[in-house]
Amino acid sequence: MKINHVMGNSVQSSIFDAFIGYFKKYAPPSVEHFVSPDPIEGYDVYHHHRPHISKSIPQNSVCTVHHDPKDHDGWLNLEQFIAAYRDSAVVVCLNSEQERLLSSRHQIDNTVVIPHGINTEVFNDKVRVRLRDEKVTLGFFSRRYGRGVKGEFRLYEIAKRLPPQRFRFFLVGKDRLVDAKKLESMGFEVDCYEFLPYRLMPDAYARIDALLILSNFEGGPACIPEAVYTQTPIFSTRVGMAVDYVRPSLGENGLFLDKDLDVAAEDISDFFALKKSLSFTSVLSWQDVVSNYHSVYQAVVEKNESRYFNLGSGSYSQKEFFQLI
């Protein structure tokens, strides 16, 4: 089977490079993965990563929803993607909220959910002792964007409501030095790494007591399965894969932060003051993720050959299709 990853243009993305790198690394011997800006004639499946700018969407296409469909940024406006999603055989969502929104708002039901995975070669089974000190360390792992989509205003407002004598911060990501200086001016101790080799990320999780995800919009983020795997509590807005992994009613993986930032800060403080505990669920490895995608690819090939099923309206229901993978 030959898979053509269609990028829409030649602009490099480290996120897409890493994503497709896993596909190439964990592909079965019978599967080959090729990357190109536009579809190359004669491939078995076309996997689109920027479908809104792809020149064509062949009927044997798969699209991955890498972004948050609720994001109003002009480049990511959902209306630009709808035609491509309708023309695709399968739309792969990273989380159930993406799937629900596409179905309820646009009647797009040719969807399955396959979240990001964990790199088990970097995050291995070796037990890492969490480094403790007298202060609670809150982690904030993401690059900084000019439009503030990662929720920096929440970071500052929550910090204003936390005592520096009890809390400190650990920041990782491009341009996070801006936030480090701001937090330091508020009296907090801060460790900041604008660039940290990925192989050292397990050590970063060992240095924090909880991970903050404060974003306005997210498709992933990839740090959610990492946090769950390393048994790091997640304090998150209701975005991206957090809607599937964070289950406060079951005491699993973390807490959702209240929109009232007074309450959010109080919940964070109480979590540690009361020494609350969480349980942590399993996550997919990238090997699992790639295997699930290959099941989707095979189903698309079979559909294109007019055998067995027609996803969403034929002999297999969406539920039955999902059971196949």
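**Asp38, the six-stranded sheet and the cysteines of a predicted model**

Asp38 is partly exposed, its relative accessible area being 25%. The questions below concern a predicted model.

Me: Which residues does Asp38 contact, leaving aside its neighbours within four places in sequence?
Reply: Asp38 sits in the loop between strand S2 (32-36) and strand S3 (45-48). Once neighbours within four places in sequence are set aside, the contacts of Asp38 are Asn4, Val6, Gly8 and Lys55.

Me: What distance separates the C-alpha atoms of Asp38 and Ile268?
Reply: Asp38 and Ile268 are 230 residues apart along the chain. The separation of their C-alpha atoms is 47 Å.

Me: Why do strands S9 and S12 each have one side without a neighbour in the sheet?
Reply: The open sheet has 6 strands with parallel pairing, in the order S9-S8-S7-S10-S11-S12. Strand S9 (190-193) and strand S12 (254-256) stand at its edges, so one side of each lacks a neighbour, and each has a single partner strand.

Me: By how many degrees are neighbouring strands of this sheet turned against each other on average, direction ignored?
Reply: The sheet in question is the open one with the order S9-S8-S7-S10-S11-S12. With direction ignored, the average turn between its neighbouring strands is 20 degrees.

Me: Which residue in S8 is the bridge partner of Leu138?
Reply: Strand S7 (residues 136-141) pairs with strand S8 (residues 167-172) in the parallel sense, over 6 bridges. Within S8, the bridge partner of Leu138 is Phe169.

Me: At about what angle does helix H5 run to S9?
Reply: Helix H5 comprises residues 177-185 and lies across S8 and S9. Its angle to S9 is about 170 degrees.

Me: Why does Cys63 form no bond with the closest cysteine sulfur, and how many disulfides does the structure hold?
Reply: Cys63 is buried, at 0% relative accessibility. A disulfide requires sulfur atoms within 2.5 Å, and the closest cysteine sulfur to that of Cys63, in Cys93, is too far for a bond at 10 Å. Cys192, partly exposed at 24% relative accessibility, is likewise in no disulfide, the nearest cysteine sulfur being that of Cys223 at 16 Å. The number of disulfides in the structure is 0.

Me: Over which residues does pLDDT stay under 50?
Reply: The mean pLDDT of the protein is 91, and 91% of its residues reach 70 or more. Where pLDDT is low, the predicted coordinates should not be read in detail. The stretch under 50, for which the model has 21 contacts beyond four places in sequence, is residues 307-319.

Definitions and conventions
Residues are numbered from 1 along each chain as its sequence is written. This is a predicted model: local features need pLDDT of at least 70, side-chain atom pairs count only at pLDDT 80 or more; totals for chains, interfaces and linings use all residues. Side-chain values use heavy atoms; hydrogens and water are left out. Two strands pair if DSSP finds at least two bridges between them. Helices (H or I, at least four residues) and strands (E, at least two) are DSSP runs, numbered from the N terminus. Axes are lines fitted to C-alpha atoms, for helices over the stretch in contact, and angles run from 0 to 180 degrees between N-to-C directions. Contact means heavy atoms within 4.5 Å. Buried means under 20% relative accessible area, exposed over 50%, partly exposed in between (1.4 Å probe, protein chains only). pLDDT is the predictor's confidence in each residue, from 0 to 100.
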